[in-house]
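Here are a few short exercises on charged side chains, each with a worked solution. Have your viewer ready and try each task before reading on.

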Amino acid sequence: MATSFVQFLYCSICRLNHTQGKKHIYSKRHQEIVKNMLKKSARKVKEAKSEIDKPVIHEKVWENGAKFWCYFCATEVAKHQVVDDITVKNGGLLQHFISEEHHKKMKSFWWENKAQQDKNQFMISLDEYSRFKQAVEQASQQYQEKMDKEKQRITAKIKRQEHIQRYVVQSHLAEVGCREM
């Protein structure tokens, strides 16, 4: 009595055990899921690329701990980059997209899933990243200057309020002192 065992394979994209072998990646369902994944990733990459020349700078605690799921690497990546006392919007994404590991895993993803889209739209060149770094330095300086001006404005407002309070207290003490005599 011979028993045969069917080899099950797991598709992490479809989250499905199957017995189709390599035919599974050509299935309509698998290709639709890959297409949707690529569409989501393309949207995030496009948003990040739009900020290469004009990076957005926020305070250090802005969206602290925000993560991005890279479908190609199957890992969670910090979405923003914290530098000194500032947060650079989508800086973590851009840094991840230039990594050698991302490029290798993306090529592997394309090979394994027979994706149809152009993979260059999901990569960022070193030239683009260096432009981004320079723009971040300039934007960071501008942000620091803006914050310094804001601090000076707030300091001046507080000093004016303290001066008014001292005047009120002194005038009240002078008035009370005159009544007691």
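## Charged pairs and a patch

Arg131 has a relative accessible area of 39%, so it is partly exposed. Keep in mind that this is a predicted model.

**Exercise 1.** Find the salt bridge that Arg131 forms, and place both partners in the fold.

*Solution.* Start with the distance: the closest N and O atoms of Arg131 and Asp53 are 3.0 Å apart, giving a salt bridge. Next, locate the partners: Arg131 sits in helix 4 (residues 126-180) and Asp53 in the loop between helix 1 and strand 3, so the pair ties together parts 78 residues apart in sequence. Finally, check the cover of Asp53: its relative accessible area is 52%, and because exposed means over 50%, Asp53 counts as exposed.

**Exercise 2.** Which residues are joined into one network by salt bridges that share partners?

*Solution.* The network consists of Glu47, Glu51 and Lys89. Take the contacts in turn: Glu47 and Lys89 meet at 3.9 Å, N to O, with Glu47 in helix 1 and Lys89 in the loop between strand 7 (86-88) and helix 2 (91-97), 42 residues apart. Glu51 also pairs with Lys89, with closest N and O atoms 3.5 Å apart. Now compare the cover: Glu51 is buried at 7%, whereas Glu47 is partly exposed at 32% and Lys89 is partly exposed at 21%.

**Exercise 3.** Which residues gather in a patch of positive charge on the surface?

*Solution.* The patch holds Lys35, Lys39, Lys40, Arg43 and Lys44. Then look at one member: Lys35 belongs to helix 1 (residues 28-50) and is partly exposed, at 47% relative accessibility.

How values were computed: Residues are numbered from 1 along each chain as its sequence is written. This is a predicted model: local features need pLDDT of at least 70, side-chain atom pairs count only at pLDDT 80 or more; totals for chains, interfaces and linings use all residues. Side-chain values use heavy atoms; hydrogens and water are left out. Patches are made of residues with over 30% relative accessible area and no salt bridge: like charges are joined within 9 Å, nonpolar side chains (Val, Leu, Ile, Met, Phe, Trp, Tyr) within 5 Å. Accessible areas come from the Shrake-Rupley method with a 1.4 Å probe; for residues, only the protein chains shown count as cover. A salt bridge is a side-chain nitrogen of Lys or Arg within 4 Å of a carboxyl oxygen of Asp or Glu. Lys and Arg count as positive and Asp and Glu as negative; His and the chain ends are not counted. The place of a charge is taken as NZ of Lys, CZ of Arg, CG of Asp or CD of Glu. Helices (H or I, at least four residues) and strands (E, at least two) are DSSP runs, numbered from the N terminus. Buried means under 20% relative accessible area, exposed over 50%, partly exposed in between (1.4 Å probe, protein chains only).
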